[in-house]
Amino acid sequence: MMAAVFFCWGLIYGVVSIGIFLIQNLDEADWTMERRDSMILFGYCGIHGVLICHISPMDAAATLLLSVLAGCLLFACMTDCKTCMVFQFTWWIAGIVGGVLLFRSFTKDCIVLWSGELQREQRLLSLLLYILLQEVIFCRAYGRADCHAFVICAIVENAFGMNLLGYLIHMLLAFGGLAVTQAFRHNISRKGNLKQPVAFLPYITISFWVLLY
């Protein structure tokens, strides 16, 4: 078990480090990490490693894929917090991982966290509907990167047996976490809008792992 956790930690940390290395040569912003930031990243990778090993303790392929996904989401959170943007290659990699997990869910090796009554075909239809809603309608309410994150998370959630209800619960947890946190920070106006924009990716990511766990 400990070996698996260290493997996940190393892979997640490696994905984030490669992402930082790439954008150091692509972006004009200062992406030099201080020692404190490196220690925080070190801790986050360890937490993700434990969660992933709990989700897929007997599935090495799922563990590897989830670790890469965790690295992508963590990297997206970092860039969103620093510059309020996410580099497109992050979603390409995360999307491929989600697609592979979804493809594997059609085999006997898939891990089912939610055993609902819907068949695979019905779950796929609900996934397609959700993707359409996110990319066409919901994108008007928040950033395109947030829509991509919700879509990729939904693909992975579908691979683990969740349906439209699961995706909506994910959104509820993410927006609920954002509302509570910003209320304590007095960052919500009387009209219910944020006074100062904040990164939404961390709330999407945390609620995703809470839902899977």
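**Exercise 1.** Is Ala174 buried or exposed, and at what relative accessibility?

*Solution.* The model used in these exercises is predicted.
Step 1. Locate the residue: Ala174 sits in helix 7.
Step 2. Apply the cut-off: a residue is buried when its relative accessible area is under 20%.
Step 3. Ala174 has 0% relative accessibility, so Ala174 counts as buried.
Step 4. List what surrounds the residue. Beyond residues up to four places away in sequence, Ala174 touches Phe150, Phe200, Tyr203, Ile204 and Ser207.
Step 5. Take one of these partners, Phe150. Ala174 and Phe150 are 24 residues apart in sequence, and their C-alpha atoms are 9.8 Å apart in space.

**Exercise 2.** Describe the chain as a whole: its elements, its burial and its contacts.

*Solution.*
Step 1. Count the elements: the chain has eight helices and zero strands.
Step 2. Write their order from the N terminus: α-α-α-α-α-α-α-α.
Step 3. Look at burial: of the 213 residues in the chain, 43% are buried.
Step 4. Look at the surface: the chain exposes about 11,800 Å², and carbon and sulfur atoms supply 67% of this area.
Step 5. Look at the contacts between residues at least 6 apart in sequence: 74% of them join residues at least 24 apart.

**Exercise 3.** Find the residues with the most contacts inside the largest nonpolar core, and say which helices build this core.

*Solution.*
Step 1. The largest nonpolar core has 61 residues, and Leu66, Leu69 and Trp209 have the most contacts inside it.
Step 2. The elements that give two or more residues to this core are helix 1, helix 2, helix 3 (60-83), helix 4 (88-104), helix 5 (120-137), helix 6 (144-159), helix 7 (164-184) and helix 8 (201-212).
Step 3. Helix 3 gives the most, with twelve residues.
Step 4. Follow Leu69 outward: leaving out residues up to four places away in sequence, Leu69 touches Ala94, Val97, Ile152, Val156 and Phe208.

**Exercise 4.** How many of the twelve residues of helix 8 are buried, and how does the span of helix 8 compare with the expected one?

*Solution.*
Step 1. Ten of the twelve residues in helix 8 are buried, and the helix is mostly covered.
Step 2. The buried residues include Leu201, Pro202, Tyr203, Ile204 and Thr205. Ser207, Phe208, Trp209, Leu211 and Leu212 are also buried in helix 8.
Step 3. From its first C-alpha to its last, helix 8 reaches 17 Å, close to the 16 Å expected at 1.5 Å a residue.

**Exercise 5.** For Thr90, Gln134 and Ile155, give the helix, the burial and the contacts. Leave out contacts with residues up to four places away in sequence.

*Solution.*
Step 1. Thr90 lies in helix 4. Its relative accessible area is 2%, so Thr90 is buried. Thr90 touches Cys72, Phe75 and Ala76.
Step 2. Gln134 lies in helix 5. Its relative accessibility is 0%, so Gln134 counts as buried. Gln134 is in contact with Cys139, Tyr142, Cys147, Phe150, Val151 and Met171.
Step 3. Ile155 lies in helix 6. Its relative accessible area is 14%, so Ile155 is buried. Ile155 is in contact with Gly98, Gly99, Leu102 and Leu127.
Step 4. Check one pair in space: Ile155 and Gly98 are 57 residues apart along the chain, while their C-alpha atoms are separated by 5.8 Å.

**Exercise 6.** Which residue forms a salt bridge with Glu135?

*Solution.*
Step 1. Recall the principle: side chains of opposite charge can pair when their charged atoms come close.
Step 2. A search of the whole structure finds one salt bridge.
Step 3. The partner is Arg144: the closest N and O atoms of Glu135 and Arg144 are 2.9 Å apart. The cut-off for a salt bridge is 4 Å.
Step 4. Classify both ends. Glu135 counts as partly exposed because its relative accessibility is 21%. Arg144 is also partly exposed, with a relative accessible area of 41%.

**Exercise 7.** Which residues form a nonpolar patch on the surface with about 420 Å² of accessible area together, and where is Leu26 found?

*Solution.*
Step 1. The patch is formed by Ile18, Phe21, Leu22 and Leu26.
Step 2. Leu26 is in the loop between helix 1 (2-24) and helix 2 (35-55).
Step 3. A residue counts as exposed when its relative accessible area is over 50%. Leu26 has 59%, so Leu26 is exposed.

Definitions and conventions
Residues are numbered from 1 along each chain as its sequence is written. This is a predicted model: local features need pLDDT of at least 70, side-chain atom pairs count only at pLDDT 80 or more; totals for chains, interfaces and linings use all residues. Side-chain values use heavy atoms; hydrogens and water are left out. Patches are made of residues with over 30% relative accessible area and no salt bridge: like charges are joined within 9 Å, nonpolar side chains (Val, Leu, Ile, Met, Phe, Trp, Tyr) within 5 Å. Accessible areas come from the Shrake-Rupley method with a 1.4 Å probe; for residues, only the protein chains shown count as cover. A salt bridge is a side-chain nitrogen of Lys or Arg within 4 Å of a carboxyl oxygen of Asp or Glu. Buried means under 20% relative accessible area, exposed over 50%, partly exposed in between (1.4 Å probe, protein chains only). A nonpolar core is a set of buried Ala, Val, Leu, Ile, Met, Phe, Trp, Tyr and Cys residues joined through side-chain atoms within 4.5 Å. Contact means heavy atoms within 4.5 Å. The expected span of a helix is 1.5 Å times one less than its number of residues.
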